[in-house]
Amino acid sequence: MTTARMAPLYEGAEWDFATLQRIHDACADIAVSELGLDLYPNQIEVITAEQMLDAYSSTGMPLFYKHWSFGKHFTQHEAVYRRGLQGLAYEIVINSSPCISFLMEENTATMQALVIAHACMGHNHFFKNNYLFRQWTNAEGILDYLSFARNYVARCEERYGQARVERTLDAAHALMGQGVHRYPGKKKPDLRDEERRERERRAYDEQNFNDLWRTVPGSDASPAPSGISAERKRALLGLPQENILYFLEKSAPRLEPWQREILRMVRQIAQYFYPQRQTKVMNEGTATYVHYRIMNILHERGGISDGNFMEFLQSHTNVIFQPAYDDPRFSGFNPYALGFAMMRDIERIVTAPEEEDRQWFPEIAGTGDAMAVLRDIWANYRDESFIGQFLSPHLMRQMRMFQIHDDPGVSEGIRIDAIQNERGYRRIRRALARSHDVGWIDPNIEVADVDLTGDRRLILHHHVVNGILLTEADARRVLQHLANLWSYDVILREIDSDGTVLKEKSCSPA
């Protein structure tokens, strides 16, 4: 690595757009030539505090459609911010091509350098190269799709009324967590083609009639063809189906074409965010590690003064602060702290391993090229597998990890399940990895059946894990939204691993 000196990128706290350009170019040169990062083109937008609050309210996405819940979130965030009870993020970054990073205009020059290194280099590389984002997102098409969605919702409000559109969006948002495909399909959706597909869909819906719905007693249509078994009917409906929004979009008997399109838009956006939910620790750990490396190199070469570097270190330390388990501020592991600590620990294992590291990580210990190992990890893992394979005993001791078991049904109450020994390390690592597995922490709910020959009841199954049932009030509210979309009764059965029905809830459309 060269240590050639460079001219200072800026002086003091003030900056202008020429300064941002110099900072970006210097960071990009280090990121590409020395860290080996592979980046989308960058687009940097400078926004005010109020615009940052507005971005918060709409899940950080530009060009989003309008909905009352976004205004509610804006009011909440603004009230807390104005009272000084909450700060604002230094940046928001969008997984798109070009990769769009929003910088706060109130940031100092040093903070802008940190944000550019963090978002424009670290997050950018992770978005482009991690396998989950490559499978599930179309970075080139997402902005076009968001523009289409915003314009489509606006047209629907003009044609069908704001109240009807909001009711549909309310129901779709309530089911958003159950509106994703968890396994990749054969074909990646082309989001650039949505407007043409929507026109074709409308024409198809005007001509098509689903023969399955002719089985309802009292229907004016002729009887359904005989000989279709119940299993065949379920297969035609794609049951069982874990993506509830997809099932409603395709099969709800009374939805209008524009409502089906809105359900499709919401589930496409839910699918876009699906990889981010599975890579919070890795994504933030990658970006924090990258900004730490870049800012240190810039300081070593004279691009950042000692005083400005101290400002960076203070902000960096705040970002990776991890309260101890007995600290009143403790609320779990800070993903920035855990992710950054694991990246630094992997660097140590690769470049200066101990005998313990060679036993636990024989494939990477002592190989010497830390960036090559890290780039491979960033591309091929998600939080659960990353923690499950690369959390070391050294780091568990350093972060003072242990495992407790708190079961109100057990007489002894809280007990220590794992301490820092050979067996304990593996149990701690397995438990922490599982806590980041969406397949473990998200409720497993699927559409199991539809009563085609009777009253069209929709039957859902919740496969209960560890005896944890759905929260009663929340479940009933979401069921009401589901019944309103389905237009007939809905039944939800919570089923234990042995097939026992633990609880049953039902709801009728309002």
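Hi everyone, let's start with one residue: Tyr425 is buried, and its relative accessible area is 7%. Before I go on, please keep in mind that this is a predicted model.

So who is the partner of Tyr425? The ring of Tyr425 pairs with the ring of Trp360, with the centres 6.2 Å apart. How are the two planes set, edge-to-face or stacked? They meet at 80 degrees, and planes over 60 degrees apart count as edge-to-face, so that is what we call this pair.

Where do the two residues sit in the chain? Trp360 belongs to helix α15, residues 355–360, while Tyr425 belongs to helix α19, residues 422–434. The pair therefore ties together parts that are 65 residues apart in sequence.

Is Trp360 buried or exposed? Its relative accessibility is 13%, and buried means under 20%, so Trp360 counts as buried.

Trp360 has another neighbour to show you: the charged end of Arg426 sits over its ring, 4.3 Å from the centre. You can find a similar arrangement at Trp440, where the charged end of Arg434 sits over the ring, 3.9 Å from its centre.

Now let's step back to the aromatic pairs. How many does the structure hold? There are 16. One of them joins Phe309 and Phe312, and this pair is tilted, with 5.5 Å centre to centre and 35 degrees between the planes. Both residues lie in helix α13, residues 306–319, and they are three residues apart, about one turn of the helix. Phe309 and Phe312 are both buried.

Last stop, a group of rings: Phe126, Phe127 and Phe133 form one aromatic cluster. Thanks for listening!

How values were computed. Residues are numbered from 1 along each chain as its sequence is written. This is a predicted model: local features need pLDDT of at least 70, side-chain atom pairs count only at pLDDT 80 or more; totals for chains, interfaces and linings use all residues. Side-chain values use heavy atoms; hydrogens and water are left out. Rings of Phe, Tyr and Trp (its six-membered ring) pair if their centres lie within 6.5 Å; planes under 30 degrees apart count as stacked, over 60 as edge-to-face and the rest as tilted. Helices (H or I, at least four residues) and strands (E, at least two) are DSSP runs, numbered from the N terminus. Buried means under 20% relative accessible area, exposed over 50%, partly exposed in between (1.4 Å probe, protein chains only). A charge sits over a ring if NZ of Lys or CZ of Arg is within 6 Å of the ring centre and within 35 degrees of the ring normal.
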